[in-house]
There are 2 protein chains.
Amino acid sequence: MAATPNRQFKNICVLSGFTYGKHKEFVEAAIDLGRSIAARKLHLVYGGGNRGLSKMVSEAAFIRGSQVLGIIPRVLKPLGSSSDSSTGEELVVSGDLATLEALMTLASWAHLHIYQKPIGLLNVNNFYDGFIAFLNHAIKNYFIPSNVKKLFICAHTANELLDKLQAYKPEPDPWTFVLERPNHDGNNSRSKKYKLDLTLRL
Amino acid sequence: MAATPNRQFKNICVLSGFTYGKHKEFVEAAIDLGRSIAARKLHLVYGGGNRGLSKMVSEAAFIRGSQVLGIIPRVLKPLGSSSDSSTGEELVVSGDLATLEALMTLASWAHLHIYQKPIGLLNVNNFYDGFIAFLNHAIKNYFIPSNVKKLFICAHTANELLDKLQAYKPEPDPWTFVLERPNHDGNNSRSKKYKLDLTLRL
């Protein structure tokens with residue numbers, strides 16, 4: 001464990017989906033991650049539910065003393081499980097389709113400076129090597145700015161990943177866009193409550 | 001061009017970002033796509049703005065007679081460009097970070113049966129080979145159900161891609177989740193207006 005972490009965050013958001021994956025290493029890594037979170041006295045925010053790797057991480061953290069908060073979008077509540085959460089201090093990812101969706105959403109928000117926290121990838125069995133390779137390919141083709149890659153923190157074990165996340169120093173890039181959102185008084189403020197009201201015809 | 005397409009859709013949504021990419025083939029493919037859309041008398045919905053591949057596709061389609069609708073989220077309007085649109089009959093993708101975000105969102109919605117249309121990948125210079133490889137890897141590891149892959153229609157040219165999209169036949173899979181959303185009368189209906197009201201603290 002890092003002796004002098006740069007960022008003393010208290011909460012960590014873990015997106016890991018409600019499947020277990022093919023190999024036992026995924027389950028072992030999820031349990032190890034939950035225990036490591038508790039050992040560092042962090043609070044866990046996760047996608048709720050009682051299935052798959054999400055269950056493994058949250059139970060392991062809860063049993064060892066972490067406070068655990070599960071968030072399920074109302075529309076997914078009948079399924080009893082979800083990974084669609086983005087309310088955490090940091091992010092660790094190891095999972096499925098909804099997880100990849102959240103991953104790309106946060107990366108896109110980071111590019112727009114809406115979200116500026118690191119995104120940790122727990123690279124069990126080198127699962128994310130292909131994703132990182134594709135990201136590098138898109139950067140080489142000038143579709144994605146290279147600074148986005150700095151947000152992705154990759155490690156093979158939970159402790160190594162948490163060490164890196166706690167040591168992470170954000171590097172603001174003047175070339176990325178900065179969005180100023182008006183608050184209710186008409187002024188700009190980054191920390192104000194921001195209401196999204198979307199009406200979709202599905 | 002397919003002589004007897006199975007699906008006579010009228011509108012096509014193209015997400016292609018506001019960068020141009022490194023190689024001239026990307027620009028050439030974008031112009032070719034716009035012209036092919038017009039030649040098939042399709043209407044274009046795109047991410048708005050007047051930059052990058054988005055501009056190339058929309059101008060090429062408009063000049064040849066397509067009706068073109070650009071949609072920009074209000075928060076991105078100061079940038080004059082965006083790819084964050086999902087209001088189209090079909091989807092063709094060739095682009096950047098916001099495009100990848102939309103790609104994963106639609107794939108995730110498709111898994112939940114919220115969205116059930118094919119997602120076309122215009123694979124210029126084999127750009128999406130790495131993405132498809134990562135998707136296959138996730139399927140092999142049981143994180144993503146194999147039926148999701150059927151939604152991704154891949155081709156190297158615009159005409160080949162449009163042929164495939166028009167010939168696409170949806171294959172409902174009983175193993176994926178079906179969400180029933182209540183309408184204002186308390187009944188379930190797939191085609192009713194669905195209102196998302198999200199309050200975020202950013």
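**Salt bridges, a shared cavity and one buried leucine**

D163(B) pairs with R40(B) in a salt bridge, and their closest N and O atoms are 2.9 Å apart. I begin there, and I should say at once that the model on display is predicted. Where do these two residues lie? D163(B) belongs to helix α5 of chain B, residues 158-167, whereas R40(B) sits in the loop between α1 (24-39) and β2 (43-46) of chain B, so the bridge ties together parts that are 123 residues apart in sequence. Is R40(B) buried or exposed? Its relative accessibility is 9%, and R40(B) therefore counts as buried, because the limit for that word is under 20%.

Chain A offers a pair with the corresponding residue numbers. There, R40(A) and D163(A) form a salt bridge, with 2.9 Å between the closest N and O atoms. R40(A) is in the loop between α1 (24-39) and β2 (43-46) of chain A, and D163(A) is in helix α5 (residues 158-167) of chain A, so this pair also ties together parts 123 residues apart in sequence. R40(A) counts as buried, at 9% relative accessibility.

Why can such pairs arise? In general, side chains of opposite charge can pair when their charged atoms come close.

How many salt bridges are there over all chains? The count comes to four. Another of them joins the side chains of K164(B) and E160(B), at 3.7 Å from N to O. Both of these residues lie in helix α5 of chain B, four residues apart, which is about one turn of the helix. K164(B) is partly exposed, with a relative accessible area of 35%, and E160(B) is partly exposed as well, at 33%.

Let me now turn to the overall plan of chain A. It contains five helices and seven strands, and along the sequence they follow the pattern β-α-β-α-β-β-α-β-α-β-α-β. Chain A has 202 residues, of which 52% count as buried. If we take the contacts in chain A between residues at least 6 apart in sequence, 72% of them join residues at least 24 apart. The accessible surface of chain A is about 9,700 Å², and carbon and sulfur atoms account for 52% of that area.

The next topic is empty space inside the model. A search of the whole structure finds five cavities of 30 Å³ or more, and the largest cavity holds about 120 Å³ of space. Which elements give two or more residues to its lining? They are α3 (97-111) and α4 (129-140) of chain A, together with α3 (97-111) and α4 (129-140) of chain B. Helix α4(A) gives the most, with four residues. Among the lining residues are L100(A), M104(A) and F134(A) from chain A, and L103(B), G130(B) and F131(B) from chain B. In character, the lining divides into ten nonpolar residues, two polar and no charged.

I close with a single residue, L42(B), which is placed in the loop between α1 and β2 of chain B, the loop that also holds R40(B). L42(B) is buried, with a relative accessible area of 2%. What does L42(B) touch, leaving aside residues up to four places away in sequence? Its contacts are F9(B), K10(B), I12(B), I37(B), S66(B), L162(B) and Q166(B). K10(B) is 32 residues away from L42(B) along the chain, yet their C-alpha atoms are separated by 5.1 Å.

Technical notes: Residues are numbered from 1 along each chain as its sequence is written. Chains are lettered from A and ligands numbered from 1 in the order in which they are written. This is a predicted model: local features need pLDDT of at least 70, side-chain atom pairs count only at pLDDT 80 or more; totals for chains, interfaces and linings use all residues. Side-chain values use heavy atoms; hydrogens and water are left out. Buried means under 20% relative accessible area, exposed over 50%, partly exposed in between (1.4 Å probe, protein chains only). Contact means heavy atoms within 4.5 Å. Accessible areas come from the Shrake-Rupley method with a 1.4 Å probe; for residues, only the protein chains shown count as cover. On a 1 Å grid over the protein atoms alone, a cavity is a set of points where a 1.4 Å probe fits but cannot get out, and a pocket is an open set with protein on both sides within 12 Å along at least five of seven lines; lining residues have an atom within 4 Å of a point. Grid points are joined across faces, edges and corners, and a volume is the space filled by probe spheres set on the points. Ala, Val, Leu, Ile, Met, Phe, Trp, Tyr, Cys and Pro count as nonpolar, Asp, Glu, Lys and Arg as charged, and the others, Gly among them, as polar.
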